Amino acid sequence: MPDRPVALVTGATRGLGSAIARALAPTHRLIIGGRSEEAVAKACAEYDDALGLVADLADEDATARALRGALARSGGLDVLVNNAGIGWKASIEDTSRDQWREILETNLIAVADLTRLCLPALRDSKGTVVMVNSGAGVRIYPGDAAYTVSKWALRSFTECLRESERGRIRVVSVHPGRIDTDMQVRMQMQAGRSYRPEEHMRAEDVAAAIRMAVDLPVSTNLDEIHMRTTEVKL
């Protein structure tokens with residue numbers, strides 16, 4: 001068994017994923033997930049004993065191989081943070097079939113499959129799954145149609161997982177609003193808006209909320225966390 005609890009964070013080489021990794025690092029051994037071997041190695045170098053998981057999560061075989069290797073080295077898994085995802089601004093009429101496939105594959109199917117693969121290790125540790133969802137998982141944004149649909153589907157999957165694993169694994173769904181990350185910069189530009197960091201919450205604050213949920217005693221599950229910025233709606 002590992003001497004410290006182990007946390008796998010997907011999409012952990014930048015943005016919110018990087019902030020989540022930093023928040024968990026003082027007490028957890030990290031598995032840093034990302035698609036770029038160079039970026040994962042750079043992120044792992046920030047910590048004494050972090051492990052890498054390099055894979056495009058939409059690639060089923062590559063993900064399974066990478067996960068097997070990471071868990072063999074870590075000796076177990078206590079926390080899975082499903083943070084990796086994609087998004088863009090596009091209406092229904094402007095979203096192609098291939099774009100629907102890409103966003104659902106990344107934001108839903110890859111998450112569901114990675115979680116499935118991690119279930120045995122998480123059950124052994126009575127661990128915690130954190131799903132980083134979005135405000136788009138509880139509200140409707142027609143201008144972000146495919147992204148919104150993917151996040152509502154992810155919320156449904158999360159609730160199924162929580163009830164099927166209740167008593168064995170804790171499952172937390174986090175719904176942050178706009179976060180000051182590269183992804184939001186792109187999405188605001190696509191919407192034709194100027195980007196103002198002060199109108200977005202800090203990634204570190206969302207990471208702190210996730211840390212709070214992980215730190216709760218095993219007898220307590222924080223089912224959902226909803227976070228929104230406090231400025232006037234745009």
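By class, the lining of the second largest pocket in this predicted model comprises 3 nonpolar, 5 polar and 5 charged residues. The volume of this second largest pocket is about 190 Å³. In total 13 residues line the second largest pocket, and G167, R168, I169, R170 and V218 are those that lie nearest its centre.

With the pocket introduced, the overall fold can be described. The chain contains 7 helices and 7 strands, and along the sequence these follow the pattern β-α-β-α-β-α-β-α-β-α-β-α-α-β. Of the 234 residues in the chain, 47% count as buried. Among contacts with a separation of 6 or more, 63% come from residues 24 or more positions apart.

The 7 strands form an open sheet with parallel pairing, in the order β3-β2-β1-β4-β5-β6-β7. Strands β3 (51-54) and β7 (224-227) stand at the edges of the sheet, and each has a single partner strand, so one side of each is left without a neighbour in the sheet. From one strand to the next, the twist averages 15°.

Two of the strand pairs may be followed residue by residue. Strand β1 (residues 6-9) runs parallel to strand β2 (residues 29-34), and 4 bridges join the two. Within this pair, A7 stands opposite L30 in β2. Strands β4 and β5 also run parallel, joined by 4 bridges; here V79 has T128 in β5 as its bridge partner.

Helices pack against this framework. Helix α3 (residues 60-74) lies across β1, β2 and β3, and runs at about 170° to β3. Helix α4 (residues 97-125) packs on the sheet as well, where it touches β1, β4 (79-82) and β5 (128-132), and its direction makes about 175° with that of β4.

How many residues of β5 are buried? The count is 5 of the 5, so β5 is largely enclosed by the rest of the structure. In a regular strand the side chains alternate between the two faces of the sheet. For β5, the residues T128, V130 and V132 point one way, whereas V129 and M131 point the other way, and all are buried.

V130, in strand β5, offers a closer look at this strand. With a relative accessible area of 1%, V130 is under the 20% cut-off and therefore counts as buried. Leaving aside residues up to four places away in sequence, V130 touches L80, V81, N82, V172, V174, I210 and V214. V130 and V9 are 121 residues apart in sequence, yet their C-alpha atoms are 9.3 Å apart in space.

Which residues does T115 touch, not counting those up to four places away in sequence? T115 belongs to helix α4, and these partners are L80, N82, M131, F157 and L161. L80 and N82 also appear among the residues touched by V130, and M131 is one of the buried residues of β5. T115 itself is at 0% relative accessibility and so counts as buried.

A further threonine, T148, lies in helix α5 (residues 145-165). The relative accessible area of T148 is 4%, so T148 is buried. Beyond residues up to four places away in sequence, T148 touches A136, R139, I140 and Y141. One of these partners, A136, is 12 residues from T148 in sequence, with a C-alpha to C-alpha distance of 5.0 Å.

Is P26, in the loop between α1 (15-24) and β2, buried or exposed? At 62%, the relative accessible area of P26 is over the 50% cut-off, so P26 is exposed. P26 nevertheless touches R4 and R211, not counting residues up to four places away in sequence. The C-alpha atoms of P26 and Y47 are separated by 9.6 Å, with the two residues 21 apart along the chain.

Definitions and conventions. Residues numbered from 1 in each chain as written. Predicted model: local features only at pLDDT ≥ 70, side-chain atom pairs only at ≥ 80, totals over all residues. Heavy atoms only, no water. Pairing = 2+ DSSP bridges. Axes fitted to C-alpha atoms, helices over the stretch in contact; angles between N-to-C directions. Contact = heavy atoms within 4.5 Å. 1 Å grid on protein atoms, 1.4 Å probe; cavity = no way out; pocket = protein on both sides within 12 Å on 5 of 7 lines; lining within 4 Å. Points joined across faces, edges and corners; volume = space filled by probe spheres on them. Nonpolar A, V, L, I, M, F, W, Y, C, P; charged D, E, K, R; others polar. Buried < 20%, exposed > 50% of the residue type's maximum accessible area, 1.4 Å probe, protein only.
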